Amino acid sequence: MTRRKSLFWICILFGLGYFAGWMNTIKPQYLRVNKQQIDQTLTTQNKNNLKPNPPECKQLSKLLTLIPKRFKDDDIIKVFKKTEKCTWFSNSAAHTNFRAQLTNCCNAIQNFTVTQVNTALGANLTYDAQPKKKITITENIFNLLPQTEPFKVPISKRCAVVGNGGILTNSSCGEEIDQADFVFRCNLAPIIGREDDVGSKTDLVTANPSIFSIKYQNLNFRRKPFWESTQVYGKALILLPAFAYSAHTNMVFKVSYTLEDFGSKLQPIYLNPSYMVNITQFWKSVGVTETRLSSGLIVLSAALELCDEVWLYGFWPFSKNMEGMKIFNHYYDNIPPKRSAHVMPREFYRLLQLHTKGILKLRAGKCKNKPTDI
Ligand SMILES: *[C@@H]1O[C@H](CO)[C@@H](O)[C@H](O)[C@H]1NC(C)=O
Ligand SMILES: *[C@@H]1O[C@H](CO)[C@@H](O)[C@H](O)[C@H]1NC(C)=O
Ligand SMILES: *[C@@H]1O[C@H](CO)[C@@H](O)[C@H](O)[C@H]1NC(C)=O
Ligand SMILES: *[C@@H]1O[C@H](CO)[C@@H](O)[C@H](O)[C@H]1NC(C)=O
């Protein structure tokens, strides 16, 4: 009798323990399941007949179709570390699909920048950050515009999009970045002396107006130091946001005239405010809700439409790396991270989803000593 009773209690205890364990695994995830998404991910994974990933990787891509209610740094870093153990495959079907959505909404191929083809002399452009303000394309402005969109499509097989995150410090990613067919860089990021980590090839570099006021006194005094600093980018395209804020327009044109006067080979191009409005809307529709997209996300958008394969570097919104070591805001300074200006964990999570779907490849560790990965 007593033996049967104790057996009963043991069963209850085990049951409770199991239930508690189950509660524990369920609790920290805050997930919403969408069965259709899971099935899709699994079938795309199965199509890869190269080196199949272990079952954990399928579990992971399943987990990543879910949307957490909270985006805790440590949770996301943990998930990312797990994805690093899985082989990344480009999924050209998924990319083609994503690319078609981008072309449909925003058409970077024809409308990424303001050109003489997509913008008429005398047209009025609306500033994307100040929807109530307009600017008329005068003859002077029209003459500054490139005739056509500078990209040939697809511009290249593999593109590297290099963000400025401190995660690039000591990454040894330079060689891999330089092997890309087209390299996007952000905000006139320094290269010299950091080639091992960030490479040197540059095909497009963005320039935020703030850098001209901070570093070059708005080009009101000597302009040569600015021109000299741009020599390192060779004949890359320089992407200037002339039509975001009306206060910046003249400043931006001063940059163009400076480059022209000094015989620079850099080719100024001007971000199309209408493209900005549309691409912001696009990202909002997939859950990236930044009011002003970072320049990294802007060039990434263009790259996803223009390139067959996109590899991302220096996009890492956390103040520590995967080993838990403290990292800085940028690879070229030692300012502690300032969240607001950069890609946020929520946005990073979206990029991670695109990574596991094979639409882009996120790099956030060391590029060397990982021969299986390249
Ligand atoms: C490009 O933008 C112009 C207006 O700026 C628009 O009329 C045209 O339809 C756009 N082209 C495409 C292919 O989206
Ligand atoms: C642009 O705006 C000006 C007035 O601000 C107007 O005279 C002109 O007709 C507009 N141009 C076009 C193409 O609508
Ligand atoms: C980078 O490497 C150098 C030399 O090994 C080391 O002193 C430095 O702390 C490292 N910095 C980061 C942020 O990893
Ligand atoms: C943005 O979308 C609107 C509405 O769909 C369209 O009329 C416009 O041409 C698009 N802008 C660009 C630059 O393609």
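This report walks through a ligand site, a few paired strands and two loop residues in a predicted model.

Local features here need pLDDT of at least 70 and side-chain atom pairs count only at pLDDT 80 or more, while totals for chains, interfaces and linings use all residues. Residues are numbered from 1 along each chain as its sequence is written, and chains are lettered from A and ligands numbered from 1 in the order in which they are written.

Let's start with ligand 4. Around it sit C106, N107, N111, N272, S274, Y275 and N278, where a residue is near a molecule if its C-beta atom, placed from the backbone, lies within 6 Å of it. Helix α13 (residues 273–285) gives the most to this shell, with 3 residues; helices (H or I, at least four residues) and strands (E, at least two) are DSSP runs, numbered from the N terminus.

Now for strand β4 (residues 182–185). F182 and F184 point one way, V183 and R185 the other, and all are buried, meaning that 20 or more other C-beta atoms lie within 10 Å of their own (exposed is 12 or fewer, partly exposed in between; C-beta atoms are placed from the backbone). Its partners are tabulated here; strands pair if DSSP finds at least two bridges between them.

| Partner of β4 | Sense and bridges | Facing residues |
|---|---|---|
| β3 (residues 156–162) | parallel, 4 bridges | C159 opposite F182 |
| β5 (residues 204–206) | parallel, 2 bridges | F184 opposite L204 |

Last, the loops. N170 has a positive phi of about 60° without being a glycine, and lies between β3 and α8 (174–178). L219, also not a glycine, has a positive phi near 60°.
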